[in-house]
Amino acid sequence: MSAAVAAAAALLAVQASGPAQASTSSSFRPTSNPILFVHGYSGDGSNWNTMANRFTTDGWPSSYLAQWTYDWHQSNATTAQQLSSEVDRLLAATGATQVDIISHSMGGLSSRYYLKNLAGTSKVDAWVSLGGPNHGTDSANSCFDTSCTEMRIGSNFLAALNSGDETPGSPRYAIWWSPCDTVINPDSSVSLSGATNTQTTCLSHTDLLVDATVYAQTRDMVNR
């Protein structure tokens, strides 16, 4: 297997199997926001099936759960522009005034770009990153898609994204990172200044998508 293929396989945000049950009572409230899920490199909206099913079990209507799919080869800045349109679509469809964004891996970069550069902060109440390469990862050194090179430590894209305030505006920012995540290296890449940064138990990169504890903590964070 070539280094580029190996890197792509390592970064693949595939859907992992896991139980769909969550709490036994509905957590959804009239004030709860619709949720936009943003997958990572090589992924698609189905990566969120387990987590979305848990939100459904906890009372969220399907219309409030958008498992968005985008072209992960393109620049994260381009994805952010498309994400802006998806946020507007979700707000119009639900009549809500704000959304919550839950991202995995590279999905955190485009959604952060949206918040910082595309006036997204007024439309987002809570932003979540599960294992995001917020300060880069050495796993991106051997792949060459535009999006992947932007994840390299010291890239111009990350330097601009992390300049100034890493958590701008009024959204509530929350991070979950695992000490056993071998895709995001170093582990310290994930945390952001100004966010609530939470270390998980020993979970793989894709386990962050399906772990029941991470789900419950994420649900309670966005639903405050």
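## A bridge between two strands

In this predicted model, residue I175 has N197 of strand β6 as its bridge partner. Strand β5, which spans residues 172-177, pairs with β6 in the parallel sense, and four bridges join the two.

## The sheet as a whole

Strands of a sheet pair through backbone hydrogen bonds, in either a parallel or an antiparallel manner. Here, six strands form an open sheet with parallel pairing, in the order β2-β1-β3-β4-β5-β6. The edges are occupied by β2 (65-68) and β6 (196-199); each has a single partner strand, so one side of each lacks a neighbour in the sheet. On average, neighbouring strands of this sheet are turned by 15° against each other, direction ignored.

## Helices packed on the sheet

Helix α4, residues 107-117, packs on the sheet and touches β1 (35-38), β3 (99-104), β4 (124-130) and β5. The direction of helix α4 makes about 145° with that of β3.

Helix α7, residues 212-222, also packs on the sheet, where it touches β3, β4, β5 and β6. The direction of helix α7 makes about 160° with that of β4.

## Residue S111

S111 lies in helix α4. This residue counts as buried because its relative accessibility is 0%, and the limit for that class is under 20%. When neighbours within four places in sequence are left aside, S111 is in contact with L83, I101, S103 and W127.

Key:
Residues are numbered from 1 along each chain as its sequence is written. This is a predicted model: local features need pLDDT of at least 70, side-chain atom pairs count only at pLDDT 80 or more; totals for chains, interfaces and linings use all residues. Side-chain values use heavy atoms; hydrogens and water are left out. Two strands pair if DSSP finds at least two bridges between them. Axes are lines fitted to C-alpha atoms, for helices over the stretch in contact, and angles run from 0 to 180 degrees between N-to-C directions. Contact means heavy atoms within 4.5 Å. Buried means under 20% relative accessible area, exposed over 50%, partly exposed in between (1.4 Å probe, protein chains only).
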